[in-house]
Each structure stands twice: as C-alpha cells, then as structure tokens.
Amino acid sequence: MFTRPALPGSGVGASAHPQATARRARSRVEAVPLEFREAGLGDNAIDYRDAWQMQGEVHAVVADGGNDTVLLLEHPPVFTAGTRTDPHERPLDPGGAPVIDVNRGGKITFHGPGQLVGYPIVKLPERVKVVDYVRRVEEALIAVCADFDVATARIPGRSGVWLQADEKGPERKIAAIGLRVSRRVTMHGFSLNCDVDLAWYDRFVPCGIADAGVTSLSRELGRDVTVADVIPSVEKHVADLLAWNDYTPTPDYEPRPEPPRLKLIKPST
C-alpha cells in the first residue's frame, strides 16, 4: 500500500506550462492510502469481462468509503469500444480477439499482452473536475515515459500521451485514457504500451484517429521494456499525482482537432 504524501507545492515536470502555473490542490490535506493491486500479469493476464466485474466490485467498496485502489494488469487480446465509437472504426477482422462494447467514454482501443493497463478507482475530492483527474493521469504517464528517456506530452484535442513527429514517424500515441465516473468514483483508466505487438493496431482505427500512429516504449528505445519494468515508475507517479498536490504541467504539443464523426446517410425511399 502507498500512503500518498500531502506536501504542498510538490510538482512533476521539468518546465512550466506556457499558459498555466502549478495546479492547486483542491481538497485533500492529509495523507490518504492508495492501494495498488496486481490483478493479473503475464501468463496470468485477466479476461477483460472478469476485470470489468472486478472493477465494479472495487468501485462499490470505494464509493462506500473504502480505500482508493489502482488495479494493474494485462489482458489477453481484446478490442474495447467506448460509447463514442463509430461503426467504421471497428476492426473488420479482429484476428480472433473479442470486440466488447463498454460503458466508458472515448472510442475503440486495443488491450493485449505487453501493455500495462491501470484502472484507478478513486474518489474524486470535492471541487476536483473530471478533466483535472484526466490531466493528472496523463501527467503521471508522461513522467513514466520520461523515466525511460522517452519525451512525451499531451496534444490538445486528443486524449492520451503522445510523441511528436520526427524521423521515426508521425505523431504517435503511446498511452491511452478512457474513463467513467459514477458516485464521484472513477472507473476504467489508462493503458501504456510497453512491448505489446503493435500489429494489432493495423486492424482498426485506434481511438478513431487515422492521421497518427501508435508506438511503444520498446519500439522507441530499440530494446525490450516489459510491463514489469514500468510498474514501479507507474506506482510512484500515479500516487504522486493523485495526492492532489500542486504540480507543473508538461507543456503541450501543437493542438490537433478531433477527427469529425462520419454521418451515415440513409438512401431515400
């Protein structure tokens, strides 16, 4: 179990956001326990539906006053379609992996071996907006990537954590975020590509964004970076950012508009 320090003025990030100073802590001023549970990794990767049920059980406990909990796990190959997924974004050939409609926001994404999935199930303090929670999770993942010497940031208009376009390729996503909030308690969460088989992403339009790529820590570094390698860094930075202390946001990359949603035209009769 982590105990989150409630020290004023702590921050993550090397430089100030161009349009924001350190974000203020909204509510918590005392140390609050945050539990990290490894719920199924490697050969013990957990079926998505089983993990979804586990989330619901933990969510009920947290909503009733239990300790905030982060489930860390891997899934066997699975596509999950959020509530904003359009029909054309689904895989025509899912390669034997199930395609599951889920009750989180966002679009369709992939989970599979070599990708760390984190489900923070936490009670949002009063006056903390959902967008602040999302930005804190993104900031934690940016810090994790920095621990491995991979520079990342947000792209306004597109959720998740991204690398800039360079000689290796176009803008590319390394971590995805999708969530649901009920009774002021979060569900679902994030995925970070470590040494996942990126060929799975050729089967669909990841997150509905066709003009960018997907990458992993292993691809960027040219060496194997496993889920086990990143867990200590993930636990540290998620605990830091969800202590609700001040932090300095990493400067954003250039904004990109969200791709327009296609409208289906029904033939006239």
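**Strand pairing and a one-faced helix in a predicted model**

Strand β7 (residues 115-121) is joined to strand β11 by four bridges, and the two strands run antiparallel; here two strands are taken to pair if DSSP finds at least two bridges between them. The model is a predicted one, in which local features need pLDDT of at least 70 and side-chain atom pairs count only at pLDDT 80 or more, whereas totals for chains, interfaces and linings use all residues. Residues are numbered from 1 along each chain as its sequence is written, and side-chain values use heavy atoms, with hydrogens and water left out.

Within the pairing of β7 and β11, Leu116 has Leu192 as its bridge partner. Strand β10 (residues 172-182) also pairs with β11 in the antiparallel sense, over eight bridges, and Arg180 stands opposite Met187 of β11. The hairpin formed by β10 and β11 has two residues between the strands, and in this hairpin Arg183 takes a positive phi near 55°. Because nine of the nine residues of β11 (residues 185-193) are buried, this strand is largely enclosed by the rest of the structure; buried means under 20% relative accessible area, exposed means over 50%, and partly exposed lies in between, with a 1.4 Å probe and protein chains only.

Helix α1 (residues 48-63) has 16 residues, which at 1.5 Å a residue should span 22 Å, and its end C-alpha atoms are indeed 22 Å apart, so the two values agree; the expected span is 1.5 Å times one less than the number of residues. The buried residues of α1 are Tyr48, Ala51, Gln55, Val58, His59, Val62 and Ala63. Seen down the axis of α1, these buried residues fall within an arc of 130°, so they line one face of the helix, the arc being that of the directions from the helix axis to the C-beta atoms. Gln53 and Val61, on the other side of α1, are exposed. At the start of α1, a side-chain oxygen of Asp47 comes to within 2.9 Å of the backbone nitrogen of Arg49, while Gly65, which follows α1, has a positive phi, near 110°.

Taken as a whole, the protein has four helices and twelve strands, where helices (H or I, at least four residues) and strands (E, at least two) are DSSP runs, numbered from the N terminus. Of its 269 residues, 50% count as buried. Among contacts (heavy atoms within 4.5 Å) between residues at least 6 apart in sequence, 76% join residues at least 24 apart.

Methods:
Polar contact = N/O pair within 3.5 Å; in protein donor to acceptor, adjacent residues only side chain to side chain.
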